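Dear colleague,

Please find below the structure that I am handing over to you. My findings follow beneath it, and I should be grateful if you would read them with the structure open.

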Amino acid sequence: MAKFDVPKEQWAQVVEKSGGPVVYKKIPVQQPGPDEVLINVKYSGVCHTDLHAMMGDWPLDTKLPLVGGHEGAGVVVAKGELVKDIELGDYAGIKWLNGSCLACSFCMQADEPLCPHALLSGYTVDGSFQQYAIAKAAHVARIPKEMDLEAVAPVLCAGITVYKGLKESGLRPGQYVAIVGAGGGLGSMAVQYAKAMGLHAIGIDGGEEKGKSVKELGATAYVDFMSSKDLVQDVKNATPDGLGPHAVLLLAVSEKPFQQATEYVRSRGSVVCIGLPAGAYLKAPVFDTVIRMISIKGSYVGNRQDTQEALDFFGRGLVKVPFKTVGLSELQNVYDLMKEGKIVGRYVVDTSR
Ligand code: 8ID
Ligand code: ZN
Ligand code: ZN
């Protein structure tokens, strides 16, 4: 078995107060508990959730001080004595779901994201914006050795979440799905998973650069919410019979599309809410929802099986999010770009710089 020298101190990005900014500094390396592993995080994707966490956007408190991050890909360098199925040197991933009780009625049915005792990476426990991060061994993603840790990092939240959302939508191959926020991190992956699952993706986002990227990733059509004069009609027109997409994946970080989706979804279609804009509410006309038999639902990350399936799509070369890599020390710059909606695809941070 490989042996690793784990330092006592490491570089991390720390949220010291709600609202930020992040502070790049040295902090102690923690030791894993009996059922945990310590992962030397090499790369971590930056999800919009990390920005929500820093800004205190949601009605759920974070720990403070907080190390964010939940798309961490790295190498297992230490483990507790109860961990039997992971070896030192294996590749593993820190996901949003850092741990769960494995005994409640949700965990028993593989709905572990709904566990009332769930631990959340980069929210209720420290996450992957540090060089050494801890997670429950049962929950870390098993990443095959041949995978590129830099490219696979965004799969660990964005990939799993949109893959699960597509499964929850009930879509069948050949049908149409509208992906709202298609140029962002989750959206870029959603377009590719949709295509790989035999669906037609209608990407919705703002600006030409995002449109170009969405088309290159395989979308059948792109609707620009910033320039469209009649978005509802444009989305419907992107389906051959003009009746609208069979499902909508809402990944945007603004409330308006959440109010709009039931207007263009096809009768008997489903609207799947995934994005989490601060303070947002859903609103839909009862009349339309009833007589057009529309389903509205939420979808929240994925379980361990979804994780391995989402990684398998990556392994087969079917999904690859466009990403840019910067040093961990530059995380605040990434948040500044994210706030302005300027990121196409994902930013990945390299924890060695
Ligand atoms: O499990 C979950 N439900 C889960 C998992 C991971 C992330 C939920 N999320 C949530 C995040 O917390 C965040 O609220 O999903 C949302 C999207 O995360 P992201 O993909 O990491 O964000 P991004 O890269 O900033 O992309 C957002 C995109 O939305 C577009 C933006 O232009 C950007 O490309 N957008 C906006 I803001 N308004 C839009 C609109 N009206 C829009 N696109 C279309 N129409
Ligand atoms: Zn995320
Ligand atoms: Zn549980």
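In this predicted model, three strands form an open sheet in the order E2-E1-E4, and their pairing is antiparallel. The edges of the sheet are taken by strand E2 (22-28) and strand E4 (66-67); each has a single partner strand, so one side of each is left without a neighbour in the sheet. Strand E1 (residues 9-15) pairs with E2 through seven bridges in the antiparallel sense. Among the residues involved, Glu9 has Pro28 in E2 as its bridge partner. Strands of a sheet pair through backbone hydrogen bonds, either parallel or antiparallel.

The metal site may be of particular interest to you. The zinc ion (ligand 3) has as its protein donors the SG atoms of Cys101, Cys104, Cys107 and Cys115, at 2.3 to 2.4 Å from the ion. Along the sequence, these donor residues follow the spacing C-x2-C-x2-C-x7-C. The arrangement around the zinc ion (ligand 3) is tetrahedral because the four donor atoms subtend angles of 105 to 117 degrees. Of these cysteines, Cys107 and Cys115 are buried.

Turning to the overall organisation, the protein chain is divided into domain 1 (9-157 + 302-350) and domain 2 (159-298). The C-alpha centres of domain 1 and domain 2 are 26 Å apart. Where the domains meet, 27 residues of domain 1 contact 25 residues of domain 2. Between them, domain 1 and domain 2 bury about 2100 Å², of which 62% is on carbon and sulfur atoms.

With kind regards

Terms used
Residues numbered from 1 in each chain as written. Chains lettered and ligands numbered in written order. Predicted model: local features only at pLDDT ≥ 70, side-chain atom pairs only at ≥ 80, totals over all residues. Heavy atoms only, no water. Pairing = 2+ DSSP bridges. Helix = DSSP H or I, 4+ residues; strand = E, 2+ residues; numbered from the N terminus. Donors = N, O, S within 2.8 Å, 3.2 Å for Na, K, Ca; no water. Tetrahedral: all angles 85-135°; square planar, octahedral: opposite > 155°, others 65-115°. Buried < 20%, exposed > 50% of the residue type's maximum accessible area, 1.4 Å probe, protein only. Domains from an automatic or database assignment. Contact = heavy atoms within 4.5 Å. Buried area = accessible area lost by both parts, 1.4 Å probe.
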